[in-house]
Amino acid sequence: ASSYVNCPRCVVRMAMVLFPEQLLMRDEGGFLPIHIAAAAPVYAVHDLRGEGFSMEDAILDEETGMPIIRKLKETKYTEPSVIDILLSGEASAARERDPNGQLPLHIAIMRGKTLDEGVKALADAYPEALTMPDKHTNLYPFMLAASVGRGRGDCSTIYEMVRAAPDLVKMALDGARDHSSSSVSSSGERIDHHRSSRSSNERSDFLEKSSDCDSPCLDQKPRAKESKEDL
């Protein structure tokens, strides 16, 4: 449950320490905690260090003197993502597919998550996933990162996915080049066939016209001869 809801990261970490066997335990739908975390929205980090508020930041009620509004201090406090926390307890979970046949890396990227939101941790835990296409879209992780997510893909995530599996880009380019060459070749063959058929038809038309023209020409010669004899 803590993998999906807007739960403080420290609570997730405590649950992982207390119940480590549940990291590879599937729910009634067949999903592991890592699948649930990969599909969950990215929630803001809760700053529970006791430094988020202070009386100096409060707006006090003039009559009672009690704080009525508290302003959150600007802080650069960060924590690992829920995915990072779960993988720190059981890295092999990154290899497990969900009931739909998808790997956690594919799920996380399709939900728009970036490197710092668990994608890097999933790729590090199971690098082979970078060269595996998604079962539903047939797209590789770097393709998924470029086609989905906030703002149509995070540049840093796309770059790291490509950098980690450069052979896939070469394979994609070679495939596109072969397809283009095949299309040009097929087009050329169609053009040659059309030209050959056109030339054959033109020769047939010419022969037919010639045969039609020969008959009256032969008939005219004797008539000319007869006219001379009559004179």
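Student: In this predicted model, what makes the contact of glutamate 96 with arginine 26 a salt bridge?

Tutor: The closest N and O atoms of glutamate 96 and arginine 26 are 3.4 Å apart, and a salt bridge requires a side-chain nitrogen of Lys or Arg within 4 Å of a carboxyl oxygen of Asp or Glu, so the pair qualifies. The two residues belong to distant parts of the chain, 70 residues apart, with glutamate 96 in the loop between helix 3 (82–89) and helix 4 (104–110) and arginine 26 in the loop between helix 1 and helix 2 (33–39).

Student: Why is glutamate 96 called partly exposed, and how is arginine 26 classed?

Tutor: Partly exposed is the class between buried, under 20% relative accessible area, and exposed, over 50%. Glutamate 96 has 32% relative accessibility and therefore counts as partly exposed, and arginine 26, with a relative accessible area of 37%, is likewise partly exposed.

Student: How many salt bridges does the structure hold, and what makes lysine 120 and aspartate 124 one of them?

Tutor: The structure holds three salt bridges. For lysine 120 and aspartate 124 the N to O distance is 2.9 Å, which is within the 4 Å limit, so their side chains meet in a salt bridge. Both residues lie in helix 5 (residues 119–125), four residues apart, which is about one turn of the helix.

Student: Why is aspartate 124 called exposed, and what is the class of lysine 120?

Tutor: Exposed means over 50% relative accessible area, and aspartate 124 has 51%, so aspartate 124 is exposed. Lysine 120, at 45% relative accessibility, does not pass that cut-off and therefore counts as partly exposed.

Student: How do you know that glutamate 160 and arginine 163 form a salt bridge, and where do they lie?

Tutor: Their side chains meet at 3.6 Å, N to O, and because the limit is 4 Å, the pair counts as a salt bridge. Glutamate 160 and arginine 163 are three residues apart in helix 7 (residues 155–164), so about one helical turn separates them. Glutamate 160 is partly exposed, with a relative accessible area of 28%, whereas arginine 163 counts as exposed at 55% relative accessibility.

Student: Which residues make the nonpolar surface patch, and why is leucine 18 called exposed?

Tutor: Met14, Leu18 and Phe19 make the patch, which covers about 330 Å². Leucine 18, placed in helix 1 (residues 9–18), has a relative accessible area of 59%, and because exposed means over 50%, leucine 18 is called exposed.

Technical notes
Residues are numbered from 1 along each chain as its sequence is written. This is a predicted model: local features need pLDDT of at least 70, side-chain atom pairs count only at pLDDT 80 or more; totals for chains, interfaces and linings use all residues. Side-chain values use heavy atoms; hydrogens and water are left out. Patches are made of residues with over 30% relative accessible area and no salt bridge: like charges are joined within 9 Å, nonpolar side chains (Val, Leu, Ile, Met, Phe, Trp, Tyr) within 5 Å. Accessible areas come from the Shrake-Rupley method with a 1.4 Å probe; for residues, only the protein chains shown count as cover. Buried means under 20% relative accessible area, exposed over 50%, partly exposed in between (1.4 Å probe, protein chains only).
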